[in-house]
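Please follow the account below with the sequence and the coordinates open side by side. It moves from one helix to its surroundings, then across the sheet, and ends with the core and the cysteines.

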Amino acid sequence: MLLDTFNRVHNNLRISVTDRCNLRCTYCMPEEVTFIDRSELLSFEEIVQFVRIAVPLGIDKIRLTGGEPLMRRDLTVLVRMLAEVEGIRDLGLTTNGILLADLAQPLFDAGLRRLNVSLDTLSPERFREISRRDGLERVIDGILAAKRAGFDPVKINAISIRGFTEHEVVPLGRFAREHGLELRFIEYMPIGTDHWERQKVYFAHEILDQLEEGIGPLVPVEHQDIRAPAQEFRYLDGGGTVGIIASISRPFCLRCNRIRLTADGKLRNCLFALDEVDIKTLLRAGAPAEQIAELIRQNVHDKWEGHEINTSRFIKPLRTMHAIGG
């Protein structure tokens, strides 16, 4: 098992396949950005090689991220390669949905089964305000295409920012109920390029209060996975579920089970980690599998207690979200 000094067992690997993105969301990345040269990205073969080393250590859940992962050419090839790795029981992907309408069915056919789509608003004007690009209709088309392709559930991720989210909570809640989607709100975190201010966080309890007032009563879902970052609630009328990822107000660090591999081959034991382990150099040098396995074990062992966002000791990572992997 991949065990750290706080007895957390790690089985969840998030793999960024690119730092490129076709949006410029204010909470994620700058308007102008220099992307990694494509030669520096891990190849599909290198990604699969790493996964085959990590699986015997206990990794059985993988999520592909970016940047925007659907911008990686021939991504369905990688999905099929990963789906064939014995021991992987859960293969998912997080996307902004811009390219999803054309790729939903090919991804499903390749073996992808879990899908999260980022959607912060149903207003075209507010979509452009936060993403600095147009494309809301394409995202919605992608979500509906994913449902038709067979993805179940399709989860919708919405960032909660005070001064913005208040207008979006109830419309998104109704949209999710209408189309059989699982809605998840994520508290605004200090990981983007903007100067983060705690007062901009629209907190979990405020979101839940707004949903109950605008839609209907919610109760906690029974038998939740305690390692999952989201606290899940269900509507009493049977009209679906809502998840809250309360990274700020209710940190879940002491039950975290994730490690991350960046698009350029760096291993991180936390989204907010200040140190990384260079895996790519070892892979390209033909290092023995056991040497890489030992680095994975050590990286997990060295994991800190938590990100300490709510203390004066917090240090913001040098990389922004698009470069780490969402």
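Just after helix α3, Gly 111 takes a positive phi of about 120°, a value that belongs, like everything that follows, to a predicted model. In α3 itself, the buried residues are Leu 100, Ala 104, Leu 107, Phe 108 and Ala 110. Seen down the axis of α3, these residues fall within an arc of 150°, so they line one face of the helix. An α-helix has 3.6 residues a turn, so residues three or four places apart point the same way. The face of α3 that is turned away from this buried side carries the exposed residues Asp 102 and Asp 109. On the buried side, the packing partners of α3 are α2, β5, β6 (114-118) and α5 (136-149).

Gly 111 also appears among the contacts of a residue in β5, the strand in which Leu 91 lies. Leu 91 counts as buried because its relative accessibility is 7%, where the cut-off is under 20%. Apart from neighbours within four places in sequence, Leu 91 is in contact with Ile 62, Val 79, Leu 82, Ala 83, Gly 111, Leu 112, Arg 113 and Arg 114. As a gauge of distance across the model, Leu 91 and Ser 249 are 158 residues apart in sequence, and their C-alpha atoms are 29 Å apart in space.

Val 79 and Leu 82, which are both in that contact list, lead to helix α2 (residues 75-83), whose buried residues are Leu 75, Thr 76, Leu 78, Val 79 and Leu 82. They cover an arc of only 155° around the axis, which puts them on the same side of α2. The elements that cover these buried residues include α1 (44-54), β4 (61-65), β5 (90-95) and α3 (100-110).

The strands named so far belong to a wider arrangement, an open sheet of twelve strands with mixed pairing, in the order β9-β10-β11-β8-β7-β6-β5-β4-β3-β12-β13-β14. At its edges stand β9 (218-220) and β14 (277-278), each with a single partner strand, so one side of each is left without a neighbour in the sheet. Strands of a sheet pair through backbone hydrogen bonds, either parallel or antiparallel.

Starting from the β9 edge, β9 pairs with strand β10 (residues 231-235) in the antiparallel sense over three bridges, and Val 219 has Arg 234 of β10 as its bridge partner. Arg 234 in turn has Thr 241 of β11 as a bridge partner, within an antiparallel pairing of β10 and β11 that is made over four bridges. The hairpin of β10 and β11 has five residues between the strands, and there Gly 238 takes a positive phi near 80°. The next pairing in this direction, that of β8 with β11, is parallel and consists of four bridges, with Leu 183 and Val 242 of β11 as bridge partners. Strand β11 (residues 241-245) is largely enclosed by the rest of the structure, because four of its five residues are buried.

Helices lie across this sheet in more than one place. Helix α6 (residues 169-179) lies across β7 (154-160), β8 (182-187) and β10, and runs at about 150° to β8. Helix α1, for its part, lies across β3 (12-16), β4, β12 (258-261) and β13 (266-268), running at about 170° to β3.

What do these elements share in their interior? The largest nonpolar core has 104 residues, and those with the most contacts inside it are Val 51, Ile 62, Leu 64, Phe 185 and Ile 296. The largest share of this core, seven residues, comes from α1. For Leu 64, the contacts beyond four places in sequence are Ile 15, Val 17, Pro 69, Leu 75, Leu 78, Val 79, Leu 82, Gly 92, Leu 93 and Thr 94, and this list includes four of the buried residues of α2 named above, Leu 75, Leu 78, Val 79 and Leu 82.The cysteines remain to be described, and the structure holds zero disulfides. Cys 256 is in no disulfide, as the nearest cysteine sulfur, that of Cys 270, is 6.6 Å away. Cys 270 is likewise in no disulfide, and the nearest cysteine sulfur to its own, that of Cys 253, is 6.3 Å away. Cys 256 is buried, with a relative accessible area of 16%, and Cys 270 counts as buried at 13% relative accessibility.

Note on methods: Residues numbered from 1 in each chain as written. Predicted model: local features only at pLDDT ≥ 70, side-chain atom pairs only at ≥ 80, totals over all residues. Heavy atoms only, no water. Buried < 20%, exposed > 50% of the residue type's maximum accessible area, 1.4 Å probe, protein only. Helix = DSSP H or I, 4+ residues; strand = E, 2+ residues; numbered from the N terminus. Arc of directions from axis to C-beta. Contact = heavy atoms within 4.5 Å. Pairing = 2+ DSSP bridges. Axes fitted to C-alpha atoms, helices over the stretch in contact; angles between N-to-C directions. Core = buried A, V, L, I, M, F, W, Y, C linked by side-chain atoms within 4.5 Å. Disulfide = S-S within 2.5 Å.
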